[in-house]
Amino acid sequence: MDCLFCKIINREIPAKIIYEDDEMIAFDDIQPKAPQHFLVIPKKHISTLNDLTDSDVPLMGKLLKTASHLAAKVGIAESGYRTVFNCNKEGGQVIYHIHLHVMGGKQL
């Protein structure tokens, strides 16, 4: 598979990883749109939100919980932050591996 995020997961491409467990990985966005901008992704390759199955629901719940935990860890939970999933071309998705943008540290 020629997926950029799968290559990061497999350590074929470097990234500034801020969190990792058996199912998730989070790392700083290489083109940040805010002082704090990181991505949370499942290690399971799922191309888009449209490709989620019922069996992925617990994984996606964990992804959201991980995002809120990391927002607190980097100090943006209290002041506020934005979470964004992009889906497909017109939705702004560039890398077809589901990922959640978490942005904060300034007024958005």
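These are my notebook entries on what I looked up in this predicted model.

**Strands**

I began with the strand pairing. Strand β1, residues 17-20, runs antiparallel to β2, and 3 bridges join the two. The link between β1 and β2 is a hairpin of 3 residues. For a register check I took Tyr19, which stands opposite Ala26 in β2.

Next along is β3. β2 and β3 are antiparallel, paired over 5 bridges. Here I noted Ile25, which sits opposite Ile41 in β3. β3 also pairs with β5, again in the antiparallel sense and over 5 bridges. On that side Phe38 stands opposite Val102 in β5.

Is β3 enclosed or open? I looked up burial: 6 of the 7 residues of β3 are buried, so the strand is largely enclosed by the rest of the structure. A reminder to myself: side chains in a regular strand alternate between the two faces of the sheet.

**Cores**

Then I went for the nonpolar cores. The largest one holds 15 residues, and Val40, Leu63 and Val102 touch the most other members. β2, β3, α2 (57-73) and β5 (100-104) each give two or more residues to this core. The biggest contribution is from α2, with 6 residues.

There is a second, separate core of 9 residues, and Ile9, Phe27, Leu39 and Ile41 are among them. The general rule I keep in mind is that nonpolar side chains tend to be buried together in soluble globular proteins.

I picked Leu63 for a contact list. What does Leu63 touch, leaving out residues up to four places away in sequence? I got Met24, Val40, Ile41, Pro42, Phe85 and Leu100. Val40 also turns up beside Leu63 among the best-connected members of the largest core.

**Pocket**

Pocket search next. The largest pocket has about 410 Å³ of space. Its lining counts 21 residues, and those closest to the centre are Phe5, Asp29, Ile30, Leu39 and Ile95. Leu39 was already in my notes as a member of the second core.

Which elements give two or more residues to the lining? They are α1 (4-9), β2 (24-28) and β3 (36-42). α1 has the largest share, at 3 residues. I also sorted the lining by class and found 11 nonpolar, 6 polar and 4 charged residues.

**Backbone oddities**

I scanned phi for anything unusual, given that most residues other than glycine have a negative phi. Two hits went into the notebook.

Arg11 is not a glycine, yet its phi is positive, at about 60 degrees. I placed Arg11 in the loop between α1 and β1. Its relative accessible area is 48%, so I have Arg11 down as partly exposed.

Asn88 is the other non-glycine I wrote down, with a positive phi of about 65 degrees. Asn88 lies in the loop between β4 (81-84) and β5. Buried, exposed or in between for Asn88? With a relative accessibility of 32%, Asn88 counts as partly exposed, because only values under 20% are called buried and those over 50% exposed.

**One more residue**

Last, I looked at Ala72, which is in helix α2. Ala72 has a relative accessible area of 48% and is partly exposed. I also took a C-alpha to C-alpha distance from Ala72 to Leu108: 17 Å in space, with their positions 36 residues apart in sequence numbering.

Terms used: Residues numbered from 1 in each chain as written. Predicted model: local features only at pLDDT ≥ 70, side-chain atom pairs only at ≥ 80, totals over all residues. Heavy atoms only, no water. 1 Å grid on protein atoms, 1.4 Å probe; cavity = no way out; pocket = protein on both sides within 12 Å on 5 of 7 lines; lining within 4 Å. Points joined across faces, edges and corners; volume = space filled by probe spheres on them. Helix = DSSP H or I, 4+ residues; strand = E, 2+ residues; numbered from the N terminus. Nonpolar A, V, L, I, M, F, W, Y, C, P; charged D, E, K, R; others polar. Core = buried A, V, L, I, M, F, W, Y, C linked by side-chain atoms within 4.5 Å. Buried < 20%, exposed > 50% of the residue type's maximum accessible area, 1.4 Å probe, protein only. Contact = heavy atoms within 4.5 Å. Pairing = 2+ DSSP bridges.
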